[in-house]
Amino acid sequence: MRIVLGIESSCDETAAALVSEDRVILAQRIASQDEAHRPYGGVVPEIAARAHAEILTPLIEATLADAGMTLADVDAVAATAGPGLIGGVMVGLVTAKALAMAGDKPLIAINHLEGHALSPRLADETLEFPYLLLLASGGHCQLLLVEGVGAYRRLATTIDDALGEAFDKTAKILGLGYPGGPAVERLAAEGNAKNVPLPRPLLGSAEPHFSFAGLKSAVLRAKQAEIHADADIAASFQQAAVDCVIDRTKRAVSAAGPVTALVVAGGVAANKAVRAALEGLAADNGLRFVAPPLGLCTDNAAMIAWAGAERLGQDDPLDFAPRPRWPLDAAAEPVRGAGVKA
Ligand code: KG4
Ligand code: ZN
């Protein structure tokens, strides 16, 4: 069995993993930079790049040691080459190039979003193409028809904020700190989702896309009104977000044609309310529902190594340039209002 070393450094997690082509995660390490960014309430790109540069090489050495391996045992080196914060991406990609060159191994440059998109196949060997994927992270919120490795058709994206971003901004408004998603989910569990009336942007709209900016602004107004409990705001926000996700995904289920499963990936896939609602939608439509385990939803290197395993034989040149922007579906039209985000 061939083994791929995966490297992830596109945002605030430095990660390395060894994954075999028969889906065994032989070792993986993730160093989170949460503490470094917490005082700023979000990821500071310069701090992130420096932290990746300091930690990545020892982290890779430790990951190899965990598996009792050396570079000689690896069959390919896969690294996130974009999209993401360019300083971090450069650190990971340059390190991968150096290892590939020194060890005479093929380099595979991975689109971080492809890592998320294929991660459900690492967790579930029975998941076949084509599947309908909700990819919801801090920088993206897309519905994709995954037709094969490298064959992604974007059915919808956000016209303003990503879903994870909406969670993070709600956390900031409620003073819950960074990272926000898990904190909002915890507080929401103590609140009543019916107590704060909040909008559901684009609910029922004929256009396919997502929008969360209006919801975020409504959360801010609800907080400023000083009449609601924070837990009720969190619960009402989460419910509104879930309602939007389900409405938009339902539309995509109709538009996608026959698929093997409804799949969710990306950091927000760790949210239990989102998962449960999607599971219900899948059941209503007679579809299988697949969600990777929580550790494979948020940024990690196992998904990058796995995407490399799916692409074994498709080597990239050692001068592959990092890509701060890299859409999965190059043919998809940019949508009005979409920001430039990782
Ligand atoms: O995929 P990811 O780890 O990094 C990106 O590529 O963006 O996603 C991070 C995002 C953040 O916005 C974070 O707040 C959100 O995923 N997130 C959650 C939860 N866990 C992480 N959002 C809601 N509920 C969660 N439990
Ligand atoms: Zn991600």
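Buried area here is the accessible area, taken with a 1.4 Å probe, that two parts lose on being put together, summed over both. With that in hand, the chain, which is a predicted model, can be looked at as a pair of domains and the seam between them. The domain assignment splits the chain into domain 1, built from 3-117 + 296-341, and domain 2, covering 129-291. Domain 1 is thus written in two stretches, with domain 2 falling between them along the sequence. From one C-alpha centre to the other, the two domains are 25 Å apart.

The interface comes next. About 2,200 Å² is buried between domain 1 and domain 2, and carbon and sulfur atoms supply 58% of that area. In residue terms, 27 residues of domain 1 touch 28 residues of domain 2. What about charge pairing and polar links? The number of salt bridges between domain 1 and domain 2 is zero, while eight residue pairs, both partners at pLDDT 80 or more, are in polar contact across the interface. On the domain 1 side, the elements that put two or more residues up against domain 2 are α1 (34-37) and α4 (112-123). Of these, α4 gives the most, with four residues. Sorted by class, the domain 1 side that touches domain 2 holds 10 nonpolar, seven polar and 10 charged residues. So charged residues do sit on that side of domain 1, yet the salt-bridge count between the domains stays at zero.

Over in the strands, β2 (residues 13-20) and β3 (residues 25-32) run antiparallel and are joined by seven bridges. Within this pairing, Leu18 faces Ala27 of β3 across the ladder. The two strands make a hairpin, with four residues between them. One of the residues in that turn is Arg23, in the loop between β2 and β3. Although Arg23 is not a glycine, its phi is positive, at about 75°.

Two cis peptide bonds, each leading into a proline, also deserve a mention. Phe129 and Pro130 are joined by one of them, with omega at about -5°. Pro130 itself belongs to the loop between α4 and β6 (131-136), so this loop follows the helix that gives the most residues to the domain 1 side of the interface. The other cis bond runs from Tyr178 to Pro179, and its omega is near -5°. Here the proline sits in the loop between α5 (163-173) and α6 (180-188).

Conventions:
Residues numbered from 1 in each chain as written. Chains lettered and ligands numbered in written order. Predicted model: local features only at pLDDT ≥ 70, side-chain atom pairs only at ≥ 80, totals over all residues. Heavy atoms only, no water. Domains from an automatic or database assignment. Contact = heavy atoms within 4.5 Å. Salt bridge = Lys/Arg side-chain N within 4 Å of Asp/Glu carboxyl O. Polar contact = N/O pair within 3.5 Å; in protein donor to acceptor, adjacent residues only side chain to side chain. Nonpolar A, V, L, I, M, F, W, Y, C, P; charged D, E, K, R; others polar. Pairing = 2+ DSSP bridges.
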